[in-house]
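Work through these exercises with the structure open beside you. Try each task before you read its solution.

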Amino acid sequence: AMERKSGKIVYMGVDANIYVANQAGGSTQQITTDAGQSENAQRIYQTPLWSPDGTRVAFAGIDSFQGRTSGRVITTRADGTDAKAISTGGRLPANLYWSPDSHKLSFLTAGAGGGGFLLLNWQPSSSAPVQTLDAGRPLFWAWAPNSTDMTVHAGSVRTSGRRVSFLD
């Protein structure tokens with residue numbers, strides 16, 4: 001059974017743009033329009049994710065120009081308005097995860113050597129700066145239901161310093 005909060009799905013199309021549609025796949029609305037490739041540049045959008053309250057969508061934007069790649073996280077309303085770009089500090093965003101109350105957005109970015117950096121934006125509906133919470137390889141995290149605490153697992157049996165952390 002599908003949970004019916006907004007009655008809509010968000011997805012990345014074959015053209016690397018972000019779309020919203022109803023659960024039957026109809027009433028499609030295009031959120032981004034500028035993905036694509038030119039002679040020495042490429043832009044794609046990926047990993048779209050609804051906020052738990054169904055009011056906003058977050059997704060990663062990746063740009064490549066003359067061999068240089070940069071990324072950002074974008075939040076927008078479901079109709080594509082009120083778009084806000086969140087800087088990732090020059091790192092490429094990989095996984096996005098809203099807090100249960102839809103007020104915070106955490107995301108994992110790729111670092112040198114495949115390490116991950118867990119970043120947090122306290123106000124994803126604004127252009128507020130991000131805060132680095134943790135780093136590790138690999139790195140997994142989960143929000144507590146209260147949206148103020150988080151559990152982080154960093155490292156593996158093949159890496160030293162593996163740990164589980166509880167962040168407030």
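Strands here are DSSP runs of E with at least two residues, numbered from the N terminus. Keep in mind that this is a predicted model.

**Exercise 1. Place R56 and describe its surroundings.**

Task: find which strand holds R56, decide whether R56 is buried or exposed, and name its side-chain polar partner.

Solution.
- Step 1. Look up the strand. R56 lies in strand 6, which covers residues 56-65.
- Step 2. Check the accessibility. Buried means under 20% relative accessible area. R56 has 9%, so R56 counts as buried.
- Step 3. Look for a polar partner. The side chain of R56 makes a polar contact with the side chain of T75, at 3.1 Å.

**Exercise 2. Follow strand 6 into its sheet.**

Task: give the strand order of the open sheet, name its edge strands, and find the bridge partner of F59 in strand 7.

Solution.
- Step 1. Read the order. The open sheet has 5 strands in the order 4-5-6-7-8, and the pairing is antiparallel.
- Step 2. Find the edges. Strand 4 (36-37) and strand 8 (84-87) each pair on one side only, so they are the edge strands.
- Step 3. Count bridges. Strand 6 and strand 7 (residues 68-77) run antiparallel and are joined by 10 bridges.
- Step 4. Pick out one bridge. F59 has I74 as its bridge partner in strand 7.

**Exercise 3. Explore the largest nonpolar core.**

Task: state how many residues the largest nonpolar core has, which elements give two or more residues to it, and what V10 touches.

Solution.
- Step 1. Count the members. The largest nonpolar core has 12 residues, among them V10, A16, F59 and I74.
- Step 2. Sort by element. Strand 2 (18-22), strand 5 (41-50) and strand 6 each give two or more residues to this core.
- Step 3. Zoom in on V10. Leaving out residues up to four places away in sequence, V10 touches I18, Y19, V20, P48, L49, W50 and V57.
- Step 4. Add the background. In soluble globular proteins, nonpolar side chains tend to be buried together.

**Exercise 4. Classify an aromatic pair.**

Task: describe how Y11 and Y19 pair, and say how exposed Y11 and Y19 are.

Solution.
- Step 1. Search the whole structure. There are 3 aromatic pairs.
- Step 2. Take Y11 and Y19. Their ring centres lie 5.6 Å apart, with 15° between the planes.
- Step 3. Apply the cut-off. Planes under 30 degrees apart count as stacked. The pair of Y11 and Y19 is therefore stacked.
- Step 4. Compare accessibility. Y11 has 30% and is partly exposed, whereas Y19 has 14% and counts as buried.

**Exercise 5. Examine two positive phi angles.**

Task: locate A16 and T47, and give the phi of A16 and of T47.

Solution.
- Step 1. Start with A16. This residue is in the loop between strand 1 (8-12) and strand 2. Its phi is near 70°, a positive value in a residue other than glycine. A16 is at 11% relative accessibility, so A16 counts as buried.
- Step 2. Move to T47. This residue is found in strand 5. Its phi is positive, about 50°, although T47 is not a glycine. At 34% relative accessibility, T47 counts as partly exposed.

**Exercise 6. Step back to the whole protein.**

Task: report how many helices and strands there are, and what percentage of the residues is buried.

Solution.
- Step 1. Tally the elements. The protein has 0 helices and 15 strands.
- Step 2. Check burial. Of the 168 residues, 38% are buried.
- Step 3. Look at the surface. About 9,200 Å² is exposed, and carbon and sulfur atoms supply 52% of it.

Terms used: Residues numbered from 1 in each chain as written. Predicted model: local features only at pLDDT ≥ 70, side-chain atom pairs only at ≥ 80, totals over all residues. Heavy atoms only, no water. Helix = DSSP H or I, 4+ residues; strand = E, 2+ residues; numbered from the N terminus. Buried < 20%, exposed > 50% of the residue type's maximum accessible area, 1.4 Å probe, protein only. Polar contact = N/O pair within 3.5 Å; in protein donor to acceptor, adjacent residues only side chain to side chain. Phe/Tyr/Trp six-rings, centres within 6.5 Å; stacked < 30°, edge-to-face > 60°. Core = buried A, V, L, I, M, F, W, Y, C linked by side-chain atoms within 4.5 Å. Contact = heavy atoms within 4.5 Å. Pairing = 2+ DSSP bridges. Areas by Shrake-Rupley, 256 points an atom, 1.4 Å probe, with all protein chains shown as cover.
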